[in-house]
Each structure stands twice: as C-alpha cells, then as structure tokens.
Amino acid sequence: ETTDEISRIFDALCEPITYKAHRVDVSVSMGVTVFTPGTGELTEILREADIALYKAKSDGRGRWAYYDAILGAAHASRLLLEAEVKQAIVERQFLLHYQPRIDLATGRIVSAEALVRWHHPKRGMVSPGEFIPLCEETGMIIDLGRWVLEEGCRRAIEWDKAGLDMAISLNLSPRQFEDPSLMEDLAGFSALPGFPHGKIELEITEGVLIGSDDEIEHKLEELEDMGFRVAIDDFGTGYSNLAYISRFPVHCLKMDMSFVSQLPESGPIVRRILSLASQLKTLVVAEGVETPEQNRWLQEHGCDQVQGFYHQRPVPLDEFLAIVTERAR
C-alpha cells in the first residue's frame, strides 16, 4: 500500500503543467523515508530522504528511491571514501603505473600509458574503478588529474634527459578538459627545462569534442603549439565523426578494446578504422590485446601499435624500465 501511495504522489508530481497556453513537462526525482512521530529527530529523517534522493538521481533521475539500512551503509561508506581520497590527494598517496605500447612493425616498446594507482596506507592498492568515478563525480578529478599531468611530464623529461626514446601517454578526463585552469597548467609544464616536444600524448575521449568546433579546434591547436600530441581514446564507440578527425590536430586513434576482443568477427569495422587512419595519416593503437591471435590479426592488417595484457599489464616504474631494458636486448 505504501508503495502505491508513493507511486501516486510521484505520478502526480510528474504531470505536465500548463501555463498561459504553454505546456511544461516536469521531470521528478524523489527520495522517500518513513517518519514516525516520537521515534526520531526530524533532521535525521530529512538526511535519510536526501540519501534516497541521491540514489534516485544516480540511478538515472526521473524515479524515486526508498531509504533503507543498506542504502544508509552504502552512503556512509561513500562519505568515508570521499574523505580518504581528499586526504590521499593532499598527502600524494597516488602513484603511476605504466603499460607498454608496442610497435608491431619492429616489436619495440615505443610508448607507455601512465595509469594512476592509489596505495592506501591501510588497504594497500585500491582499484581505480573504486575511486576514479567518485573523483569525476565530486570534481576531485581536477586536482588528481593535475598531479598526474605534473608527474607524467616530469617523468617524460627524466626519460628524455637519460636518452630513453620513449613517449608517454596521459589521460585527460572530460571534466579536466573543460577546466579553465587546464591550459595554464599545461603551458607551465611545457615551459619546464628539457620538456620533450612531441613525446607527451594527451588522451581525450570522443565526447569532449562535441560542442563548439571553433573553440575545441583552438584549444587543440594550442596544445599542439605547446608540444603536446592528442589521441582519441576508446575510438569507435562514441561520436566517431569524420569531420573532427580531419579538422582537428589529432595524432592518434586508440581503437576501443571492444572491437579487439571480438576479432576476427569485428574485422570489417577494424579494417575500416585502419583504412580511415591510413588516409588521414593518423597513428592507430589497438587497446586490450589479450591473445596471440588478436595480436597476429592486427599485425597482418597493418595496425601500427598495440597495448594490452598479452604484452604486459600496467606495472610500477622500476619494473617497466626493467622490461624496456630487457626487451631492448
């Protein structure tokens, strides 16, 4: 009965409103909890309703959610994680692991994707899937991403000074790309002594290219002028508009691993991407290569570079450098 009552209230709130002959459609998200007079503080009841409302919004909006003990525990856990991540950013508990990128024509390791990892003082290594979405949602990705860029640029400078011919790839989240301070930060990094022009690649997703073409083009051209290269990550699953590839200064297409995992069935799509990149003189990297069959197929069909567990998982810096040295022999 309670559920029926809630649904009736929800449906009534969602009814379109007519104002001066104009119809206004209303979208509603609603959090629900139970208040029995004399059994709890009103502020606590409102807090529970707010937690349920957050759940309704995070599930896609336009719905209602009911507060219960499991939801309360999950919310408390999330608040704790959020506080711990904030502290971790301040105390620099994060580090970078590196996954090699292999040139299929020579077999050489020519680049490394730097991937952020969190070494929690009590829990040890925490999965990125646990903290990266939280950082995106709360905006903490701006501070974390700035550290990744700073650390990655510093590492690229060190490698270049040491005579190591190795590019490095750094991920830019959509929220970072829109951050007003990003270009200033990158300009500062590119002005550092020994900055290796053309050796640092910034990976962005296709979604960030949707918007004002002129503004995006100007920003990407600025990045190129600073000495950065631009790669489109997870290519083929989103916008995939030929116009931006030909118009914007894009150096590399990172083919989404979903295509690689389905080889050879996905062969026609992969061949089309390879052909497109060849015509535009754009580098293609296949992500998520996990089997020798996938690696062989990509090599036979002219893919430039690959990365994935078949060659190497992401590893700490010392282990990565040891792998590079061993492979060079």
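These notes go through a helix, an aromatic pair, the nonpolar cores and two ring-charge placements in a predicted model.

1. Helix H3. This helix covers residues 69-91, which is 23 residues. From its first C-alpha to its last it reaches 33 Å, close to the 33 Å expected at 1.5 Å a residue.

2. The ends of H3. At the N-terminal end, aspartate 68 acts as a cap: one of its side-chain oxygens lies 3.2 Å from the backbone nitrogen of isoleucine 70. Just after the helix, arginine 92 has a positive phi of about 55°.

3. The buried residues of H3. Those that are buried include Leu71, His75, Leu81, Val85, Ala88 and Ile89. The list is not purely nonpolar in name, since Glu82 and Glu84 are also buried. As background, an α-helix has 3.6 residues a turn, so residues three or four places apart point the same way. What covers the buried residues of H3 includes helices H2 (42-58), H4 and H5 (141-161), together with strands E4 (64-66), E5 and E6 (109-120).

4. Valine 85. Which residues does valine 85 contact, leaving aside its neighbours within four places in sequence? They are Phe94, Trp118, Phe131, Leu134, Cys135 and Met140. Three of these names return in the next point: Phe94, Trp118 and Phe131 form one aromatic cluster.

5. The pair Phe94 and Phe131. The whole structure holds 7 aromatic pairs. One of them joins phenylalanine 94 and phenylalanine 131, with 5.4 Å centre to centre and 50° between the planes, and is classed as tilted. Phenylalanine 94 belongs to strand E5 (residues 94-103) and phenylalanine 131 to helix H4 (residues 128-138), so the pair ties together parts that are 37 residues apart in sequence. Both phenylalanines, 94 and 131, are buried.

6. The nonpolar cores. The largest nonpolar core has 75 residues, and Val85, Phe94 and Leu298 touch the most other members. Helix H5 gives the largest share of this core, 9 residues. Another core, of 5 residues, lies apart from it; among its members are Ile6, Phe10, Val28 and Val32. In soluble globular proteins, nonpolar side chains tend to be buried together.

7. Charges over rings. Where does lysine 219 lie relative to phenylalanine 177? Lysine 219 is over the face of that ring, at 4.5 Å from the ring centre. Elsewhere, the charged end of arginine 313 sits over the ring of phenylalanine 309, 4.0 Å from its centre.

Definitions and conventions:
Residues are numbered from 1 along each chain as its sequence is written. This is a predicted model: local features need pLDDT of at least 70, side-chain atom pairs count only at pLDDT 80 or more; totals for chains, interfaces and linings use all residues. Side-chain values use heavy atoms; hydrogens and water are left out. Rings of Phe, Tyr and Trp (its six-membered ring) pair if their centres lie within 6.5 Å; planes under 30 degrees apart count as stacked, over 60 as edge-to-face and the rest as tilted. Helices (H or I, at least four residues) and strands (E, at least two) are DSSP runs, numbered from the N terminus. Buried means under 20% relative accessible area, exposed over 50%, partly exposed in between (1.4 Å probe, protein chains only). A charge sits over a ring if NZ of Lys or CZ of Arg is within 6 Å of the ring centre and within 35 degrees of the ring normal. The expected span of a helix is 1.5 Å times one less than its number of residues. Contact means heavy atoms within 4.5 Å. A polar contact is a pair of N or O atoms within 3.5 Å; within protein, one must be able to donate a hydrogen and the other to accept it, and residues adjacent in sequence count only if both atoms are side-chain atoms. A nonpolar core is a set of buried Ala, Val, Leu, Ile, Met, Phe, Trp, Tyr and Cys residues joined through side-chain atoms within 4.5 Å.
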